[in-house]
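Reader: I'd like a close look at just one part of this model, please. Pick a stretch of chain and walk me through what sits there.

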Amino acid sequence: MQADLILEARRQAEICNACRYCEGYCSVFPSLHANRAFTDGDITQLANLCHNCRGCYYACQYTAPHEFDLNLPAALAEVRRDSWESFAWPQPVARKFNTHGGAIVLALVAGFALLFAAIKTIGSAGGAGFYAALSHDAMVAIFAPAFLLPLVSIAVGIRRYWREVGGQRLALADITGAFGRAAKMKDLAAGHGEGCNFEDEDRFSHGRRHVHQAIMYGFLLCFASTSMATLMHYVFDMPAPYPLFSLPKLFGISGGLLLTLGCIGMVALKLKSDRDLGDTKAWGGEIAFIALLGFVGFSGLVLYAFGSTAAMPALLAIHLGAVLTFFLLTPFTKMAHGFYRLTALIRDAQRKRLAK
């Protein structure tokens with residue numbers, strides 16, 4: 001990891017530790033105040049606990065033009081992004097995405113869509129619905145590795161992170177506590193429970209929490225749709241296509257709507273926020289990822305709506321191109337932050353348990 005980013009975050013953390021005005025603001029400060037000195041691993045853990053609500057910045061008396069020039073949300077955001085890039089495997093891909101995210105997404109979606117369109121011209125082995133354009137076996141052969149390999153990559157990164165932050169043997173309570181916080185997006189409500197100052201320094205809002213929830217639960221519903229379809233195909237011998245009021249369709253449509261609306265809301269919030277309180281170098285990559293995720297949901301809805309028309313093969317190629325791009329880029333985009341933040345919450349729950 002970049003030493004200058006760690007040093008600057010450590011300088012600011014030490015000042016915050018002496019001040020302690022923000023002690024109850026979020027999960028960062030109880031963890032910060034538990035230490036007298038900060039190792040590189042401590043700073044990395046604090047950075048991944050931070051949800052960038054920005055309340056501490058607007059409450060701080062030591063921001064510019066004070067000589068201390070504190071901007072803890074930005075300092076931790078830079079360390080956080082650098083930690084994901086450093087722990088990612090293979091590492092060079094992660095660093096490239098944050099600087100060229102938009103171009104990479106457009107090139108891959110277009111390239112994969114053309115590939116799927118070319119496969120269609122060769123011909124399908126036959127089948128109903130989408131399988132008339134691309135056979136079931138072809139889909140499995142393409143998407144099974146594209147789903148499993150990123151999981152391996154993420155597992156490597158999380159293992160590296162756990163070692164860096166001094167993680168120890170887990171207890172069930174550590175995991176359940178962290179999942180409970182993540183499910184409620186409790187850290188996006190901040191310590192006082194009134195929400196973030198992400199949009200406006202004088203206004204607390206749960207808007208960012210709500211769009212995060214829409215994205216997370218929309219994604220989980222889409223994943224449930226695919227999982228249910230897989231179960232029905234292999235266990236109950238019920239291959240697609242499925243009717244509107246089947247579980248795969250109901251999960252998929254509701255998940256696609258939440259995902260699309262959540263991503264639109266997230267982009268709107270980011271455009272209104274102060275970029276200088278986050279990682280300015282990663283802003284383009286973050287927008288590219290949100291746009292990709294939203295497009296996955298939207299293109300899926302369009303495919304549902306027009307799946308029985310002559311436009312289906314082209315729409316399927318575009319949608320599958322977006323999905324394949326999303327899978328392959330998952331370890332190197334902002335999508336990875338969910339895994340790292342959950343791991344940070346698990347480590348924080350472990351710290352609290354061991355401190356008793």
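Author: Let's start with Phe-236, keeping in mind that this is a predicted model. Phe-236 counts as exposed because its relative accessibility is 53%, and the cut-off for that label is over 50%. You'll find Phe-236 in the loop between α9 (207-234) and α10 (247-272).

Phe-236 has nonpolar company out there. Together with Val-140, Leu-231, Tyr-234, Val-235 and Met-238, Phe-236 makes a nonpolar surface patch of about 590 Å².

Now step along to Asp-237, which sits in the loop between α9 and α10 as well. Its phi is near 55°, a positive value in a residue other than glycine. Most residues other than glycine have a negative phi, and most peptide bonds are trans. Asp-237 is also out in the open: with 64% relative accessibility, it counts as exposed.

The peptide bonds are worth a look here too. Ala-240 and Pro-241 are joined by a cis peptide bond, with omega at about 5°, and Pro-241 again belongs to the loop between α9 and α10.

For a comparison elsewhere in the chain, try Met-185, in the loop between α8 (172-184) and β1 (196-200). Met-185 has a positive phi, near 50°, and isn't a glycine either. Its surroundings are another matter: Met-185 counts as buried because its relative accessibility is 13%, and buried means under 20%. There's a cis bond to compare as well, between Ala-64 and Pro-65, where omega is about 15°. Pro-65 lies in the loop between α4 (55-59) and α5.

Definitions and conventions: Residues are numbered from 1 along each chain as its sequence is written. This is a predicted model: local features need pLDDT of at least 70, side-chain atom pairs count only at pLDDT 80 or more; totals for chains, interfaces and linings use all residues. Side-chain values use heavy atoms; hydrogens and water are left out. Patches are made of residues with over 30% relative accessible area and no salt bridge: like charges are joined within 9 Å, nonpolar side chains (Val, Leu, Ile, Met, Phe, Trp, Tyr) within 5 Å. Accessible areas come from the Shrake-Rupley method with a 1.4 Å probe; for residues, only the protein chains shown count as cover. A salt bridge is a side-chain nitrogen of Lys or Arg within 4 Å of a carboxyl oxygen of Asp or Glu. Helices (H or I, at least four residues) and strands (E, at least two) are DSSP runs, numbered from the N terminus. Buried means under 20% relative accessible area, exposed over 50%, partly exposed in between (1.4 Å probe, protein chains only).
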